[in-house]
Amino acid sequence: MRRWMSAFVLLAVFVLIWQAVASIHGVDNLTLASPLETWHSLKVDRALLISNMWVTLEEVLLGLGIAVVAGAGSAILMHLYRPLRDAAYPLLVASQAIPIVVLAPLFVLAFDYGIGPKLAIVALICFFPITVNVLDGLRSVDPELLKLMRSLRASRVATLVKVELPAALPFLFSGLRVAATVSVIGAVFGEWAGADKGLGRLVLLGNNQLETPRVYAGVVILTLMALALFALVTLAERVAVPWNRKETA
Amino acid sequence: MQTRIEAPAQEPLSLAKTAVTVAGLRRAYRTRRGVLPALEGVDLQIREREVLAVVGPSGCGKSTLLELIAGLQEPDGGSVTAAGAHEAKQRLDVCAYMPQRDLLLPWRDALANAALALECRRGVSKAEARRQAAPLFERFGLAEFERSYPNELSGGMRQRVAFLRTLLAGRPVLLLDEPFASLDSITRGQMQEWLAEALASEPRTVVLVTHDTEEALFLADRVAVLSPRPGRVVEELNVPFARPRNRRDTVTDPVFAGLKQRALEALEG
C-alpha cells in the first residue's frame, strides 16, 4: 500500500510541475497543453478517444499474441536444435536493430492498409524480448537436474515438458512485461505509417490540426494502456507461477 | 497395505551374487591446467542387497565414481558392471541416482515430485504415477506432506521425498551421493535412522557416498575408504552389525569405535 502511495505522490508532483510550466506566461499552449486542458479534452473527446482506443488495443493484443506464439515457439526450436540457435541468434539481434519507423511504411505497402501491418510491427518488436527471455529460461535449468532426468531415462520431450518449460515460465513473463510496454509504441508506429483509425492516427491527426490537448489526451490513454497491460502480465504471472512469487514487504 | 516397488526383472540379477563390480576404474578430467586424474584404478565388489559406503576426503572423486556406476559418464579405463549391465546406457536402466541436492521441482507438490520417477517410464500418466506413489508416502510416514510444495518442507523432509523419488525409479541399484550433507547434525542423525529403516523394508544394493565416517559405519555393511585425489581404495572395513541398527548400542560398541579409528587412520593416509 505504501508503494502505491509514494507512486501516487510522485505522479501528483509531476502533474503539478507540468501545470506550473504550462501556466508560465509565454509558454505556447500549442506546444504544451496543461494537465487541465488535457483533462478537458479527455472529457469532451471521450467518445472519439474510446472508440479509437479499442482499435489500438486490438492491434496491441493480437500483435502480442502472435509474438508470444512465434517467440516461444522459435525459442523452443532453437533450444532443441543447437545449430538453429547458433544460426538464428545473430538474426534475432539484428531484427531488433532495424528501425521500425523505416520499416512501417514498407509493411503498409506489403500488407495494405488494414490491421495486417500493425500486427506485423507490434509482433516484430515484441518478438525479441519474448524469444530471448524464453531461450534464457530454457537454458536456466540446473545441469544437475538434467543429469537426474537422464538417470531417470526421461525422453527429450519429457525433460522439455516436465522440467525446462515450467522453469522457463517466469522468464516468459519477464519478456512479456517488456513486450507489453513496447507493444503500444509499435501499434502507434504502425498507425502512423497509414491507418484510418486508432489512437496513433488520432494523435498524428491532432498534431497536424494543432489540437494539442487532444494529442496529450491520446498520449495519456496510450500510457495507461501500457501500464494496464504491464499490470495484467504481473497478475497473470502470480497466477501461473505461484512458486516464484517474490515476497513484497 | 504393503506395496513393493517392483524392480525390473533382470536375468543376471537373480543369478549373480555380485550386483556391482568395479574393476581398475580410471577417470581423468581435462582442465585448463592440464589433465586432472580423479580416479586411479578403483576396484570394488558390491554384493546384492549390500550397503557399501564410500568415504573419502572432498575432491577424491567420490561423486565421479557414483556417476560412472550410474552410467552418467564413461570411464577412461577399467570397467563397471551393474546388475549384469556393462554399457553405460544399460547401467542407466538398472541404477537409480540420488544427487547431493534434493533437486525437487518447485512447481510440483511432494507426491508429484516423487512420482516424476514413474512418469519418466514410458506410458505412465501423471495421475497414474501419483496413484502408484501414494502408498509409499503412507508407508514412510509422509502421507500428510503429499500436497506440500518443496518450499513448505524442511530440509530433512525434502531429502525424504528425494529418496522416495529414487526408490520409485524401481531400479535394483541405488546410488546415493552425500544425501545428508546439507542437513544440520540433529536432522542428519534422524535421517540416517529413517534411511536405515527404509532400506530394511525396501532392500536394495546401495552405494552410499559420504565424507562422514560415522555415517558410513552406521548405515553400511561395508565401508571403502578412498585416498585423496586421484582416488583409490586404501581400506575396506566390514561392519559386523545387523541392519537396521540401534544408534546408541552401535556407536558405543568397542568394535564400532575400533572401526572408526581404522577408517580415520586410513583417511589420514
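**A tour of the sheet in chain B and its contact with chain A**

Begin by selecting strand S6 (residues 173–177) and strand S7 (residues 205–210) of chain B, which run parallel and are joined by five bridges. Keep in mind throughout the tour that the model on your screen is predicted. To see one place where these two strands meet, pick B:Leu176 and look across to S7(B), where B:Leu208 stands opposite. If you then follow the chain onward from S6(B), you will travel through helix H7 (residues 185–201) of chain B before arriving at S7(B), and this β-α-β crossover is right-handed.

Stay with S6(B) a little longer and colour its residues by burial: five of the five are buried, so the strand is largely enclosed by the rest of the structure. Which way do these residues point from the strand? B:Val173, B:Leu175 and B:Asp177 point one way, while B:Leu174 and B:Leu176 point the other way. This is a pattern to remember, because in a regular strand the side chains alternate between the two faces of the sheet.

Next, select S5(B), which pairs with S6(B) in the parallel sense over four bridges. Here you can click on B:Cys95 and find its bridge partner in S6(B), which is B:Val173.

Now show the whole sheet, an open one in which six strands of chain B follow the order S5-S6-S7-S3-S8-S9 with mixed pairing. What is found at the edges of this sheet? Strand S5 (95–98) and strand S9 (233–238) of chain B stand there, and each has a single partner strand, so one side of each is left without a neighbour in the sheet. As you rotate the view, note that neighbouring strands are turned by 15° against each other on average, with direction ignored.

At the S9(B) edge, select strand S8 (residues 222–226) of chain B as well, since five bridges join S8(B) to S9(B) and the two run antiparallel. One pair to look for is B:Val223 with its bridge partner B:Leu237 in S9(B).

For the last stop, display both chains and highlight their contact, which takes 15 residues from chain A and 18 residues from chain B. On the side of chain A that touches chain B, helix H7 (143–151) and helix H8 (156–192) of chain A each supply at least two residues, and H7(A) gives the most, with six residues. Colouring this side of chain A by residue type, you will find eight nonpolar, one polar and six charged residues.

Note on methods:
Residues are numbered from 1 along each chain as its sequence is written. Chains are lettered from A and ligands numbered from 1 in the order in which they are written. This is a predicted model: local features need pLDDT of at least 70, side-chain atom pairs count only at pLDDT 80 or more; totals for chains, interfaces and linings use all residues. Two residues are in contact if their C-beta atoms, placed from the backbone, lie within 7 Å. Ala, Val, Leu, Ile, Met, Phe, Trp, Tyr, Cys and Pro count as nonpolar, Asp, Glu, Lys and Arg as charged, and the others, Gly among them, as polar. Two strands pair if DSSP finds at least two bridges between them. Axes are lines fitted to C-alpha atoms, for helices over the stretch in contact, and angles run from 0 to 180 degrees between N-to-C directions. A residue is buried if 20 or more other C-beta atoms lie within 10 Å of its own, exposed if 12 or fewer, and partly exposed in between; C-beta atoms are placed from the backbone. A crossover is right-handed if, with the strands pointing away from the viewer, the path from the first strand over the helix to the second runs clockwise.
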